[in-house]
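Here is a set of exercises to work through with the model open in your viewer. Try each task yourself, then compare your steps with the solution.

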Amino acid sequence: MPILTIDNQQIEVLKGTNVLEAAKGLGIVIPHFCYHEALGAVGACRLCAMNFVEGPVKGIQMACMIEAKDEMVITTTDQASQEMRARVIEWLMMYHPHDCPVCDEGGECQLQDMTIAGGHDIRRYGGKKRTYSNQDLGPFICHEMNRCIQCYRCVRTYQDYCGGTDFGVLGTNQRVYFGRFRDGRLESPFSGNIVDACPTGVFTDRTFRYRTRYWDIEEAPSVCPHCSLGCAVIPGGRFRELQRVRGGVNKQTNGFFICDRARFGGGYGNHPERPRVPRVDGAQTTWPEALRALRKRITDLVARHGPGAVAFLGSPRASLEANYLLDSWAASLGSRRIAFDSHWQHDRSARVAAGKLGPRAASLEDIRCSDFILMIGVDPLNEAPMLALAVRQAVRRGVRLAVIDPRPVTLPCAAAHLPLAPEALPDVLEALAGGDIRRLGRREAVLLEGILEQLRAAERPVLIGGPDLLGAAGIERLLDTARLLASEHRPCKVMTVLAGPNSFGCGVLARQGPDFEAILNGMLAGEIKALVCLESDPMTGSSDPARTGMALGKLELLAALDYLPTAAAHHAHLFLPTTAVPESAGVYVNNEGRMLLFSSAMDPGTPISVSGGGDHPPRTFLPATPGSEPRPAWATLGHLQGRRLSLRDIRQAIEMEHPNFAGLSSLTTGGEGKRIADISPPPETAPEIPFPHSEGEGTLRLYAMEDFAGSGELAGYASALAPLRPTPFVMLGALDAKQRSLSDGQQVRLRSELGGVGVALRVVPDLPAGIALVPRLRGTALESYVPGRGHYDCQILSEDEEKT
């Protein structure tokens, strides 16, 4: 590793580190704009000038463009370097408007900081300024082109890193313009990252515009709850309202950027119908009364029917601490009827991943550094968007990517796509593990032989799979395939995309306990009289909502603890409001088994814009903050058990009971987290439960799939994401569409065992024959179609056929 001297301070750095990063390691902050750790160096701003006195490079040089070498001697404080930086800053500021008081970037503007650091304070230029017209870039991004300093960060983020194609740099010389060919919404699902990347106020968050200054907003490091990847985010709130979410930094997960669902999908905490007051039998009440009523009813049911009459349902979106205390409460009552996910396939997949992934678990950083990637039965942009971005970074380095999936998987990079029916995916895994490839067909065999050859030749291969198409049995087979492909000196890593931010933690806690199917059967048989739901809605989250609704109707007591206005919360006999993720502290265990801490950024309460009837605080004095009744779920569950616990107490108890969580109590927020220790293998995967169906003439196999903004439980309550939600549609292969005389864009009738619904038809050329795809879109007629529960038998009819 090279050793160099900067301003009389010596430092040893990794090979390949540039001098700007070396100086940063010494605490020497050199002004810069174009350089970004995730984007690399291009030397566009010319601001990071240093004087190289000794070594292979001499004179004034741009530090970001020079690799650190042995025996370099560099100074940043000599007159020539300082004058160079001051002149460059003056050039960059020559056309910049003096609009800091009305700029949303004010207070957190890198241009403000670097202008002072560069030694520029008085503008000498008195000529006419260069001006531009701004574009309408859609509901998320505001455009103020006059503030641009041509650092190129935006286009390098949007095009190079994120793979967007509808935004770039136009013009030449002094008329360079960053935007689109015409006005319109930015199409990339990662468009919001240009807000974080821009060092000035050219691109700002439209949803946050003119709302709060940086020094007034309350922020804290947190973890995104929208999928299982555990991306670092920083939510910010003011006036009891979550106002924005920006990307945090975790080099093992998301790196520096986040997806638009994470950035603009925080509206669930501000939802106008969010329940904020305890209820008993539909009537609002106080916390002491509600807690007393719940304890009494549970105690009476146990006394009359035994502990098995009470069941508990945890949730992948509840914290590890809350799920643990729910498990502890069930055990104290003598009931082992507890599940941690209402979707049995997602539950079993999480248990398999938690029990068998071990050291083969791949992080997003492992994927970025891999040399061959095979994705099978996973749709990253819709199920775990930042996975798609990690895959893109590998492909940018020349890595080959193969996708085996019946769906038209959209990615921000090139990939070889083999569309096979879902029932063929297990055969693919068997073939990759050494089975007979020829049984899949000639064309498929040729492609798989090529994939297998590249898998064996790769030094850092990664297999990626998801539970919706593979199921628990497929996830287990994926892990076995990776084990057979690996060797002592060449690991083959695996990433499994799970359902929620804490699915892995729930898989560990579930152990060999029952799944929700067993609890559902107990409710239908009349054995279970009460169900306590922790931040879970089995009415929409289970694989069979209709059957679940029937079972819940037989209960004597349905209790719900939640912060969402879900169907379960609405129908609960007893409801206790909990704090949303930005208002809470806790731990999530992401899909690779990494324990990640999140902190509370704000206290719960009804936004002032609502309680005050406008944007000004109400001019009345109250003894309590309006809407502040929600409490952390872990605190409520501890209180129900008569235990006053801190988060540290709970984490230490988890470590004692579950040794694989060792180190949990010593974690700090804002770090990279820690992988849990290996645990014993899970029980054998139970056989999949088929959904009753009967195929008839013209029947297709219909599979539900996730949608980026329309399927997630939290995203469904975020109004800002509404422009990204599609209208209901169904996908059909070109051959099947031709046989039925149907055309792309045509309005058709989708008929299945769930009823009939009118949708638009999308014809997909490579979709396997006999298969149709439909997105789950909450709040529409397609909400009942649940991904990951197998297929539905369906028919797709033209409007004329439907009439006859």
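**Exercise 1. A charged pair and its network**

Task: Find the salt bridge that R594 forms with E592, decide whether each residue is buried or exposed, and list the network that includes them.

Solution:
- Step 1. In this predicted model, the closest N and O atoms of R594 and E592 are 3.1 Å apart. The cut-off for a salt bridge is 4 Å, so the pair qualifies.
- Step 2. R594 has a relative accessible area of 7% and is buried. E592 is buried too, at 4% relative accessibility.
- Step 3. Widen the view: a network of salt bridges links D366, K493, E592, R594 and R675.

**Exercise 2. The sheet around strand 27**

Task: Work out the strand order of the open sheet that holds strand 27, and say which strands lie at its edges.

Solution:
- Step 1. The sheet has 3 strands in the order 26-27-28, with antiparallel pairing.
- Step 2. Strand 26 (586-589) and strand 28 (674-675) are the edge strands, since each pairs on one side only.
- Step 3. Between strand 26 and strand 27 (residues 594-598) there are 4 bridges.
- Step 4. For a register check, look across from V587: L597 in strand 27 stands opposite.

**Exercise 3. Salt bridges across the sequence**

Task: Count the salt bridges, then examine R206 with D136 and R304 with E556, asking where each partner lies.

Solution:
- Step 1. The count comes to 39 salt bridges.
- Step 2. For R206 and D136, the closest N and O atoms are 3.9 Å apart. With a cut-off of 4 Å, this pair counts as a salt bridge.
- Step 3. R206 sits in the loop between strand 9 (203-205) and strand 10 (218-219), while D136 is in the loop between helix 3 (110-117) and strand 6 (141-143), so the pair ties together parts that are 70 residues apart in sequence.
- Step 4. Both ends are partly exposed: R206 at 33% relative accessibility and D136 at 42%.
- Step 5. R304 and E556 meet through their side chains at 3.3 Å, N to O. R304 belongs to helix 7 (residues 287-305) and E556 to the loop between helix 19 (545-552) and strand 24 (557-562), and the two are 252 residues apart.
- Step 6. R304 is exposed, at 52% relative accessible area, whereas E556 is partly exposed at 40%.

**Exercise 4. Cysteines without a bond**

Task: How many disulfides are there in the whole structure, and why is C413 in none?

Solution:
- Step 1. A search of the whole structure returns 0 disulfides.
- Step 2. C45 has its nearest cysteine sulfur, that of C34, 3.7 Å away. A disulfide needs the sulfur atoms within 2.5 Å, so this pair does not qualify.
- Step 3. For C413, the closest cysteine sulfur is in C162 at 12 Å, which is too far for a bond.
- Step 4. C45 is buried, with 4% relative accessible area, and C413 also counts as buried, at 15%.

**Exercise 5. A hairpin**

Task: Which residue takes a positive phi in the hairpin of strand 3 and strand 4?

Solution:
- Step 1. Strand 3 (residues 49-54) and strand 4 (residues 59-62) run antiparallel and are joined by 4 bridges.
- Step 2. F52 stands opposite G59 in strand 4.
- Step 3. The hairpin has 4 residues between the strands, and G55 takes a positive phi near 115 degrees.

**Exercise 6. Enclosed and open space**

Task: Describe the largest cavity and the largest pocket by volume and lining.

Solution:
- Step 1. There are 8 cavities of 30 Å³ or more, and the largest cavity holds about 670 Å³ of space.
- Step 2. Its lining has 36 residues, with H346, A499, G500, E713 and R778 nearest the centre. Helix 11 (380-383), helix 15 (467-485) and helix 18 (538-541) each supply at least two lining residues.
- Step 3. Turn to the largest pocket, with about 1,000 Å³ of space. It is lined by 39 residues, and H36, Q110, R153, D196 and R246 are the closest to its centre.
- Step 4. Elements giving two or more residues to the pocket lining include helix 1 (19-25), helix 5 (193-197) and helix 6 (260-264). Strand 13 provides the largest share, 4 residues.

Methods: Residues numbered from 1 in each chain as written. Predicted model: local features only at pLDDT ≥ 70, side-chain atom pairs only at ≥ 80, totals over all residues. Heavy atoms only, no water. Buried < 20%, exposed > 50% of the residue type's maximum accessible area, 1.4 Å probe, protein only. Pairing = 2+ DSSP bridges. 1 Å grid on protein atoms, 1.4 Å probe; cavity = no way out; pocket = protein on both sides within 12 Å on 5 of 7 lines; lining within 4 Å. Points joined across faces, edges and corners; volume = space filled by probe spheres on them.
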